[in-house]
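This report describes the surroundings of a bound ligand and then the packing of some helices. The sequence and the structure are shown below.

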Amino acid sequence: MKKRLLSGIQPSGAMHLGNYFGAIKQFVDLQNDYDSFVFIADLHAITTIHNKEELSKNTLDVALDYLACGLDPLKVCLFKQSDVTEVTELAWYFNCITTMPYLERATAYKDAHMKIKEVNVGLFDYPILMAADILIYDSEIVPVGQDQKQHVEYARDIAQKFNNIFGETFIIPKALIMKEVSVVPGIDGKKMSKSYKNTIPLFGTDEKIKKAVMKIVTDSKGTDEPKDPETCNIFKLHKLFLGKDELDRLQDKYKKGGLSYKESKEMLYKEILDLIKPMRERREMYAKDIDKVRDILNNGARRARIEALKKINIIRDKVGVKI
Ligand code: TRP
């Protein structure tokens, strides 16, 4: 029996290289080895998106992105979070055994609190809903980016706490963080993130991608000067695309001098286009047949709900709402 893997992405706007290398690529690489559940976290997105058109469009976009990147709906249970309402019921039980000070210690909450004076309750409760996502399907492995690691730790703590209070119920899940891709740098060298406006889009037009690549920040060394690959933001991105030999060769060129940053950027641009070409084609194919995408999500939801219903029945019994 394969182990259960679960992960999700919030539908919060255009997918970028950071999302791909930090998350989706892992789901695709692991889909043969695990019993994979991959979902679109539309309920989590409501913590920030309060617009019907925007939310539904973003949700379908993530479904297209997942399929374009190579998730195979025959291997992976692909669904949207809100189709499994048992998850929000479980989140309530977790709410009732979790303290406010514990949630106040979450770094994501602290960051949000610094930026927004009056954080909504949903945002505050984010880790609880995420714990419910993970635990309701008896997930063992949760592949996530470094920034989500603490949330998986919260899920582990909450599972343990529930088990202590109500008796053995949940498997304690493990985060899987792929080291070499855990942080994808953006064009300014900081972590690539929509909120930093430093992304390279995954499915942008050629011009958009080129523009972003050409804006990658470098020092001002001229063509002939030797350059330090380890501190170069372009080189850090090359690492995601090139094999060891190609990377060694590029490293030599950096150290010897003679390669301009502009040339390095042009190489990177080509590497990106090569990666996304087949993905773009797949995305266009599915985009022409949105009903098929809806079918895939509905089928996924059906399967996910069977699992969730089994589990919530056990949980209801343990909590005492079943009489
Ligand atoms: N918080 C994740 C993100 O920001 C999305 C998410 C929601 C998730 N629930 C999850 C990821 C459960 C893994 C497991 O992208």
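## Residues around the ligand

In this predicted model, 15 residues surround the ligand, and those that come nearest are Phe39, His44, Tyr126, Asp133 and Gln148. Sorted by class, the shell consists of nine nonpolar residues, five polar residues and one charged residue.

Two secondary-structure elements each supply at least two residues of this shell: strand S1, residues 4-9, and helix H8, residues 126-136.

## Polar contacts and burial

Three side chains place a polar atom at short range from ligand nitrogen, as follows. For Tyr126, an N or O atom of the side chain is 2.7 Å from a nitrogen atom of the ligand. For Asp133, the distance from a polar side-chain atom to a nitrogen atom of the ligand is 2.7 Å. For Gln148, an N or O atom in the side chain lies 2.8 Å from a nitrogen atom of the ligand. The protein buries 91% of the 360 Å² that the ligand exposes when taken alone.

Tyr126, Asp133 and Gln148 are also among the residues that come nearest to the ligand.

## Packing of H11 against H13

Helix H11 spans residues 233-241 and helix H13 spans residues 261-287. Their axes are 10 Å apart, and the two helices pack at an angle of about 30°. Angles under 35 degrees count as roughly parallel, and H11 and H13 are therefore roughly parallel to each other. The crossing of H11 past H13 is left-handed.

## Packing of H3 against H13

Helix H3, residues 52-69, also packs against H13: the two axes come within 8 Å and cross at roughly 135°. This angle makes H3 oblique to H13. H3 passes H13 in a right-handed crossing, whereas the crossing of H11 past H13 is left-handed.

Terms used. Residues numbered from 1 in each chain as written. Predicted model: local features only at pLDDT ≥ 70, side-chain atom pairs only at ≥ 80, totals over all residues. Heavy atoms only, no water. Near = heavy atom within 4 Å. Polar contact = N/O pair within 3.5 Å; in protein donor to acceptor, adjacent residues only side chain to side chain. Areas by Shrake-Rupley, 256 points an atom, 1.4 Å probe, with all protein chains shown as cover. Helix = DSSP H or I, 4+ residues; strand = E, 2+ residues; numbered from the N terminus. Nonpolar A, V, L, I, M, F, W, Y, C, P; charged D, E, K, R; others polar. Axes fitted to C-alpha atoms, helices over the stretch in contact; angles between N-to-C directions. Parallel < 35°, antiparallel > 145°, perpendicular 65-115°, else oblique. Left-handed = near helix turned anticlockwise from the far one by under 90°.
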